[in-house]
Amino acid sequence: MRKTIVCAAAALMPAFHLAAQSGIDRTLAQIEQNNPTLNAAAELAGARKLEARQGNTLYDPVVSYDYLWSNPSSLGRSQELNVVQGFDFPTLYAARSKMAKLQAGQYDGEQALLRQQLLLDAKRLCLEVIYLRKQNQLLVDKHSAAVKLADIYAAMLKAGEANAIEANRAQMECISITTELGNNEITLKTRLKQLAALNGNVDPEFTDGEYPRRLTLLELDSLKAIYVSSDPAVANYRNMVAVARQGVSVSRSGALPKFEVGYRYETALEDSFNGIKLGMSVPLFESRHSVKKAKAEVRAAEAQLAGAETEMASTVEELYDRVQLLQSAVIRTEAAVKNTMPQELFSKSLAAGEISEIHYMDGIYASFDNILLLLDLQMQYQVALAELYQFEL
């Protein structure tokens, strides 16, 4: 029991910059490489980039041939061949080329955001696996104590020193802890299967039983600055603003005339004609309100960016406060656990008649409950840290 308390307390360290690569980091690296969702997203991003570039090409050339015969036939026949190439105003190609590059950055940003969210989910799973392993070890010890207590009451019942109600209570407690231990093992297996599923149905062989440790907790202002510069969600909204602003340039160039140039050949009776064909569209209807629409999209994107930055700052502050609150709770609970009377002293006191069997049982289970509370707080603390430092993923 004393060893269990010391081990649980030693696992708790103040909040910090990672000192060395942990098993969690190695597992996340495998998942990043093998996860089918991330691989599919990468292929989709590549396809969307090609699609953006494909929209900035010349129109297909148009070849037409006309054959006319006369009525009466004595008037002869007429033939006409046209080869025409249409193209947009030259500035539109430059604007669309820049737009394609900005869209490529936006697609990469969306993929980076998906990657971070998926790896954060995977890290939460890893942390829960560590928690369940710690809890399992404690429940095994608690089960052993419950079995020992049930045996004590059974012996006391035979000796007439305890009644059937007390003996039955101890037996029911043993059954309850056995069920709790079984549920813990089932949940642990489920979480490991979920990790394997994220890793492309390949077991990542995650065996860690301790949480990763940190050396320093960054100041709130420093964390906010990092989020502003590197958070994929905010960066994605910035990309949206850049794409929308470039859309204004594309719309303006798109409102300029389109041209066509080509070759024309015509025969009539015994005469033939060769020449060029030139054409220009007059932009009266097709591009109407397109620039206004593009400017409205810029305003919408800028408003979304401002909202995302405000929400990000609020989220960072909330996570930072939660980390500090949980850190304080962990430290206080750790001190309480360290001051808990070890199981050996409870057993000696019971054997010496200093405490009753009821007090013995209450003391033992109170010790286990304190450690279970410590493990639960430690789990919440580690998850809050992972969410606060998700920019490291």
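These legends accompany several close-up views of a predicted model.

**View 1. The whole chain, before we zoom in.**
This predicted chain holds 10 helices and 4 strands. Following the sequence, you meet them in the order α-α-α-β-β-α-α-α-α-β-β-α-α-α. Of its 393 residues, 38% count as buried. Among contacts with a separation of 6 or more, 83% join residues 24 or more positions apart. The accessible surface comes to about 22,000 Å², with 56% of that belonging to carbon and sulfur atoms.

**View 2. Lys 123, a buried charge without a salt bridge.**
Look for Lys 123 in helix α4, which spans residues 90–158. Which side chain of opposite charge is nearest to Lys 123? That is Glu 392, at 5.2 Å, while a salt bridge calls for nitrogen and oxygen within 4 Å. Leaving aside residues up to four places away in sequence, Lys 123 touches Ile 24, Leu 28, Arg 214, Ala 386 and Leu 393.

**View 3. Arg 124 and Glu 387, a salt bridge between helices α4 and α10.**
Here the two side chains meet with N and O 3.1 Å apart. Arg 124 belongs to helix α4 and Glu 387 to helix α10 (residues 357–388), so their pairing ties together parts that lie 263 residues apart in sequence. How exposed or buried are the two partners? Arg 124 is partly exposed at 27% relative accessibility, whereas Glu 387 counts as buried at 14%.

**View 4. Glu 387 again, now with Arg 322.**
The closest N and O atoms of this salt bridge are 3.4 Å apart. This pair also links distant parts of the chain, with Glu 387 in helix α10 and Arg 322 in helix α8, 65 residues apart. Through shared partners, salt bridges join Asp 121, Arg 124, Glu 318, Arg 322 and Glu 387 into one network. Arg 322 itself is partly exposed, with a relative accessible area of 33%.

**View 5. Lys 293 and Glu 297, a salt bridge within helix α8.**
The side chains of Lys 293 and Glu 297 meet at 2.7 Å, N to O. The two residues are 4 apart in helix α8, so about one helical turn separates them. Lys 293 is exposed at 53% relative accessibility, and Glu 297 is partly exposed at 38%.

**View 6. The largest pocket and its lining.**
About 350 Å³ of space lies in this pocket. Of its 18 lining residues, Asp 231, Ala 233, Glu 311, Met 312 and Thr 315 are the closest to the centre. Helices α4, α7 (232–254) and α8 (290–338) each give two or more residues to the lining. Helix α8 provides the largest share, 8 residues.

Key. Residues numbered from 1 in each chain as written. Predicted model: local features only at pLDDT ≥ 70, side-chain atom pairs only at ≥ 80, totals over all residues. Heavy atoms only, no water. Buried < 20%, exposed > 50% of the residue type's maximum accessible area, 1.4 Å probe, protein only. Lys, Arg positive; Asp, Glu negative; His and termini not counted. Contact = heavy atoms within 4.5 Å. Areas by Shrake-Rupley, 256 points an atom, 1.4 Å probe, with all protein chains shown as cover. 1 Å grid on protein atoms, 1.4 Å probe; cavity = no way out; pocket = protein on both sides within 12 Å on 5 of 7 lines; lining within 4 Å. Points joined across faces, edges and corners; volume = space filled by probe spheres on them.
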